[in-house]
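Reader: Before any geometry is discussed, could the sequence and the model be laid out, so that the questions can be put with the coordinates in view?

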Amino acid sequence: YYSLKADHNKAVQYFQRALALNPQYLAAWTLMGHEYVEMKSTSAAISAYRKAVDINPRDYRAWYGLGQTYELLAMPHYALYYFGKACQLRPYDARMWCAMAECYEKVGNTDSAIKCYKRADCNDDREGIASSHLATLLKNENK
């Protein structure tokens, strides 16, 4: 509720209350990480996402959140690692592949970015991000 109202501080308070009752509540750790990202509190977001991953290493949302957080910190190599984990867990999710591709673009690895955008495009990229970026990259590469 508070998250939808953009009252991120209040949302964090309620997630902390839930975690006081059940410290293994995976969704609360992940969602609290999202709230911290919205508040631009990257260190707290990383801690929350890491706790979620400690509880369940197969939680792709927490891995993806770590990738996004490191992307915000302008640390694309770290982001690639975490997005890679998310892609392993959700290989048919176009959003994961688009995130990987964007990071590869940032580090200048165009070939890997193209592969990731192709993978996203093959996996029902509903937003059309992959196809537009792929077209631009292929045009620039003359492929």
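Reader: Which residues do ring pairs link into a cluster?

Author: The model is a predicted one, and five aromatic pairs are found in it. Ring pairs join several aromatic side chains into one cluster, whose members are W63, Y70, Y78, Y81 and Y82.

Reader: Is the aromatic pair of Y70 and Y82 stacked or edge-to-face?

Author: Y70 belongs to helix α4 and Y82 to helix α5, 12 residues apart, and the pair thereby links distant parts of the chain. The ring centres of Y70 and Y82 are 5.3 Å apart with 10° between the planes, and because planes under 30 degrees apart count as stacked, the pair of Y70 and Y82 is stacked.

Reader: Are Y70 and Y82 buried or exposed?

Author: The cut-off for a buried residue is under 20% relative accessible area. Y70 has a relative accessibility of 8% and Y82 has a relative accessible area of 9%, so both Y70 and Y82 count as buried.

Reader: Why is the pair of Y64 and F83 tilted?

Author: This pair also links distant parts of the chain, with Y64 in helix α4 and F83 in helix α5 (residues 76–89), 19 residues apart. F83 is buried, at 1% relative accessibility. The ring centres of Y64 and F83 lie 5.3 Å apart, and because stacked planes are under 30 degrees apart and edge-to-face planes over 60, the pair is tilted on account of its angle between planes, 50°.

Reader: Which ring does the charged end of K85 sit over, and which residue lies over the face of Y60?

Author: For K85, the charged end is 5.4 Å from the centre of the ring it sits over, that of W63. At 4.3 Å from the ring centre of Y60, the residue lying over its face is R90.

Reader: Which helices are included in what covers the buried residues of α3?

Author: Helix α3 (residues 42–55) has 14 residues and reaches 20 Å from its first C-alpha to its last, close to the expected 20 Å. Its buried residues are A44, A45, I46, A48, Y49, A52 and V53. What covers these buried residues includes α2 (26–38) and α4 (60–72).

Reader: What distance separates the C-alpha atoms of Q13 and M32?

Author: Q13 lies in helix α1 (residues 8–21) and is partly exposed, with a relative accessible area of 40%. Although Q13 and M32 are 19 residues apart along the chain, their C-alpha atoms are separated by 9.1 Å.

Note on methods. Residues numbered from 1 in each chain as written. Predicted model: local features only at pLDDT ≥ 70, side-chain atom pairs only at ≥ 80, totals over all residues. Heavy atoms only, no water. Helix = DSSP H or I, 4+ residues; strand = E, 2+ residues; numbered from the N terminus. Buried < 20%, exposed > 50% of the residue type's maximum accessible area, 1.4 Å probe, protein only. Expected span 1.5 Å × (residues − 1). Contact = heavy atoms within 4.5 Å. Phe/Tyr/Trp six-rings, centres within 6.5 Å; stacked < 30°, edge-to-face > 60°. Lys NZ or Arg CZ within 6 Å of the ring centre and 35° of its normal.
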